[in-house]
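Please look through the model shown below with its strands and its cysteines in mind. The report that follows takes up the sheet and then the cysteine residues.

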Amino acid sequence: MKSMIEVGDLVQIKDQLECLTYEVTYIIEQRATLEAIELPLMTIAPLSCLIKEDEVKNLSS
């Protein structure tokens, strides 16, 4: 079962070519504002497109 995404979680965007890690900074309705960890970049993405960092590690092992 997919766990709920909350502010402060580290996530990745599904099917993104670059494997960037983002921190969730704000959630409104079904979208989240994300701040990239490795770069000075902010973006907005639908919650349905996000995968928690710990789930990404579980999938790769």
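## The hairpin of β2 and β3

In this predicted model, strand β2 is joined by six bridges to strand β3, which covers residues 31–36, and the two run antiparallel. Within this pairing, Y26 has T33 of β3 as its bridge partner. The two strands form a hairpin with two residues between them, and E29, which lies in the turn, has a positive phi of about 50 degrees.

## The pairing of β1 with β2

Strand β2, made up of residues 22–28, is also joined to strand β1, residues 10–13, by two bridges, and this pair again runs antiparallel. Here V11 is matched with Y22, its bridge partner in β2.

## The sheet as a whole

Taken together, five strands form an open sheet with antiparallel pairing, and their order across the sheet is β4-β3-β2-β1-β5. The edges are held by β4 (42–46) and β5 (50–52), and because each has a single partner strand, one side of each is left without a neighbour in the sheet. From one strand to the next, the twist averages 45 degrees. In general, the strands of a sheet pair through backbone hydrogen bonds, in either a parallel or an antiparallel manner.

## Cysteines

A search for disulfides across the whole structure finds zero. As for solvent accessibility, C19 is exposed, with a relative accessible area of 61%, whereas C49, at 29% relative accessibility, counts as partly exposed.

Technical notes
Residues are numbered from 1 along each chain as its sequence is written. This is a predicted model: local features need pLDDT of at least 70, side-chain atom pairs count only at pLDDT 80 or more; totals for chains, interfaces and linings use all residues. Side-chain values use heavy atoms; hydrogens and water are left out. A disulfide is a pair of cysteine sulfur atoms within 2.5 Å. Buried means under 20% relative accessible area, exposed over 50%, partly exposed in between (1.4 Å probe, protein chains only). Two strands pair if DSSP finds at least two bridges between them. Helices (H or I, at least four residues) and strands (E, at least two) are DSSP runs, numbered from the N terminus. Axes are lines fitted to C-alpha atoms, for helices over the stretch in contact, and angles run from 0 to 180 degrees between N-to-C directions.
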